[in-house]
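Please open the structure in your viewer and keep the selection panel at hand. This tour goes one selection at a time and says what is to be found at each stop.

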Amino acid sequence: MPQAASASAEQAPSRAANRRPSWLAYSGLAAAIAAVFFLELTLGAVSIAWRDVLAALTGGEASTEVVRPIVLNFRLPRALNALVSGAALGTCGLILQTVFRNPLADPFILGVVFGARFGVALLVVITGTAGNALLFKYGVLGDFAMALASALGTVLVLGLLLALSRRVSTVTLLVAGLMLGYLFTGLISVVMHFVDESQARAFTSWSDGSFAGATFQQLQILVPLVAVGLVLAWLQVKPLNSLLLGESYAQSLGLSVERTRQLTFLVLAVLVGTVTAFCGPVAFIGIVTAHLCRLLFRTADHAVLLPAVMLMGALFALSADLITHLPWSRHFLHMNAVNGLIGAPIVLWALLDRRHARSLEL
Amino acid sequence: MMAAPLISSELHVGYPLRPSVLGPLDLSLKAGRLTCLLGPNGTGKTTLLRTLSGVLPARGGRVAIEGTELSELSPRRRAQLLAVVLTDRVTVGMLDVRTLVSLGRQPHTDWRGRLSAADSRVVDDAISAAGVDDLAERNIAELSDGERQRVMLARALAQEPRLLILDEITAFLDLPHRLHVMRLLRDLARRRGISVLVSTHDLDLALRLADEVWLASSRGDFHQGAPEELVLQGDFGRVFASEALRFDAAQGTFRVDRPSGPRAAVEGDDLTAKWLRRALERLGYQDVDWTSDADVRIARGANGAEPYQIQQGGRLRDCPDIAGLLETLRQLHGE
């Protein structure tokens, strides 16, 4: 007992100090996001002076004419995409972890993004066999259909995971998710067999996650849909908190578990679906973000964590994207490689850490 | 007069697509009383509790809470009337005790679950009522099983329910903590005028502290009444009777087995005699009266001699302590 008493006495002040850091931490994250966002616009194959970037953004006079299209047509959409998609994926990581009561859940790890990709692949095949590539032929409608197909694929995998999660333990669910990922990757290959080569190439070119590919037109769909998804997620703060105690307790607190599940799956479908439709399968942002935020804010309360994962997700995505196109890198890194370099150790740490392991019931 | 906290009629409980486990049950809980649900494993105690708390639909019959049919209550209203403590383990990282207890306010708070000053006071009260003040800032992952159970009790109290249902709350606790929790529940029932229903395997505590006992047997029959009544009617004996165990109504406790060995008579002051008899029972001796025909007699030794004395077939043996006494007996009757 004396040991426990001294331990809690040691921790008490730090916890008390950590009780209200939220606004400070939020502002810090926001400032970091602004800084990295600006770096995204200045750094790249060509470095652009910050004055020229500002001029391009504000419509002022730039020192050279080439600068404006590079900033506005390439780097700005890319940075916006990373900002919005990162916020979306961070949110999805936290929600998945709560809904499946699994601290290692992540849209990539559980194979959800591959379900989304499968949805898009099916759509490309179904519409593509008739004629030209859907993406070019149908314009906005085509992009929107892609997001929808991707969302449906997301729901498919979520349903499979839900059925599995009733039968298996925390870690087994992870393995099951991994297998679902392989299964859907295989299915995508099979489906791609039926489309002509140029389409297949267009598809495989974003089988790796990247924020560079999205067009302005796609951003016009991505940004509003993600905004809707994030607002819907924020409305789920209270149900998500009660789900921390497990479904039986949540129900005893007056929660309609079925309705909450439908709503959270809708949120996940909108967020994972749209992001994956336009950026491909982006790895690890969800899990890394959720763990970093829990460590930073030292709470499980979604009222604090949801804004935190949105900010942290955006920061992480922007930083990872920045690393992939640093001017001094001779070969550019794939984004999932960068995410893996940061994400995999965090997952390993979570598996090996004793306190974590106990909460995983390993 | 207010409607009874809980009434059931013709209630059948069980899981879907399987035969019902218990029923028909006509049950009632009264305000301010502690009721203990007892019974061997596998008699459907948990199933009954889950049904009464609305987590599991009834297989038939009716349950009403404060006069309203359980199935007609909105989930939120039900959560305002009824709180539960389950055996489910809560495993979340970075969740501190106060935040967890605050979740008990959910049936009373707005869509975001924000706590008013009044809500915070209720949370503080619940924390001190459950005796977990010193754990309030701790992380639940650091707590022992017993501490967790008390924290979950605090969370249930934060709901300010009229009816509190607890499944095996004392399962992980040592004897002093079991006693503490059961007395706490009884006092809560009295002080707050709520009715408390708790399932437990702790017969001794239940007999001492419960106002009423519900007794489920493995044969499917169900008894309810004051604990003493159930003892005197022999229901306890019947429900828990087995080859190895019998209920001793005179003592209010269980005996491990029915001795059938040699007859032993014991003499001594009440306390010494009592414990000597228990030791002899363990070796399989039948307890007989001093004046009757006994195979062996045990008595306190005379002043100055060894403390214990065995008389057998006219021979006297002195023993320095009970261990020595038992060793001698084992040799005598060839174990």
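Begin by selecting chain B and drawing its surface: the accessible surface comes to about 15800 Å², and 48% of that area belongs to carbon and sulfur atoms. Keep in mind throughout that the model is predicted.

Next, switch chain B to a cartoon, in which eleven helices and 17 strands can be followed. The radius of gyration of chain B is 26 Å, well over the 20 Å that the globule rule gives for 335 residues, so chain B is more spread out than a compact globule. If you turn the C-alpha trace of chain B along its principal axes, you will find that it spans about 85 × 45 × 40 Å.

Staying with chain B, colour the residues by burial, and 49% of the 335 residues will count as buried. Among the contacts in chain B with a separation of 6 or more, 60% are made by residues 24 or more positions apart.

Now select the charged residues of chain B, where there are 43 positive and 46 negative charges, and where the mean positions of the two groups lie 4 Å apart.

Finally, bring chain A into view and select the contact between the chains, to which chain A gives 29 residues and chain B gives 39 residues. Between them, chain A and chain B bury about 3200 Å², with 55% of this on carbon and sulfur atoms. Which three residues of chain A should be picked out here, as supplying more than any other three of the area that chain A buries against chain B? They are A:Lys238, A:Tyr249 and A:Leu253, which supply 23% of that area.

Definitions and conventions. Residues are numbered from 1 along each chain as its sequence is written. Chains are lettered from A and ligands numbered from 1 in the order in which they are written. This is a predicted model: local features need pLDDT of at least 70, side-chain atom pairs count only at pLDDT 80 or more; totals for chains, interfaces and linings use all residues. Side-chain values use heavy atoms; hydrogens and water are left out. Helices (H or I, at least four residues) and strands (E, at least two) are DSSP runs, numbered from the N terminus. The radius of gyration is taken over C-alpha atoms; the globule rule is 2.2 Å times the number of residues to the power 0.38. Buried means under 20% relative accessible area, exposed over 50%, partly exposed in between (1.4 Å probe, protein chains only). Contact means heavy atoms within 4.5 Å. Accessible areas come from the Shrake-Rupley method with a 1.4 Å probe; for residues, only the protein chains shown count as cover. Lys and Arg count as positive and Asp and Glu as negative; His and the chain ends are not counted. The place of a charge is taken as NZ of Lys, CZ of Arg, CG of Asp or CD of Glu. Buried area is the accessible area (1.4 Å probe) that two parts lose on being put together, summed over both.
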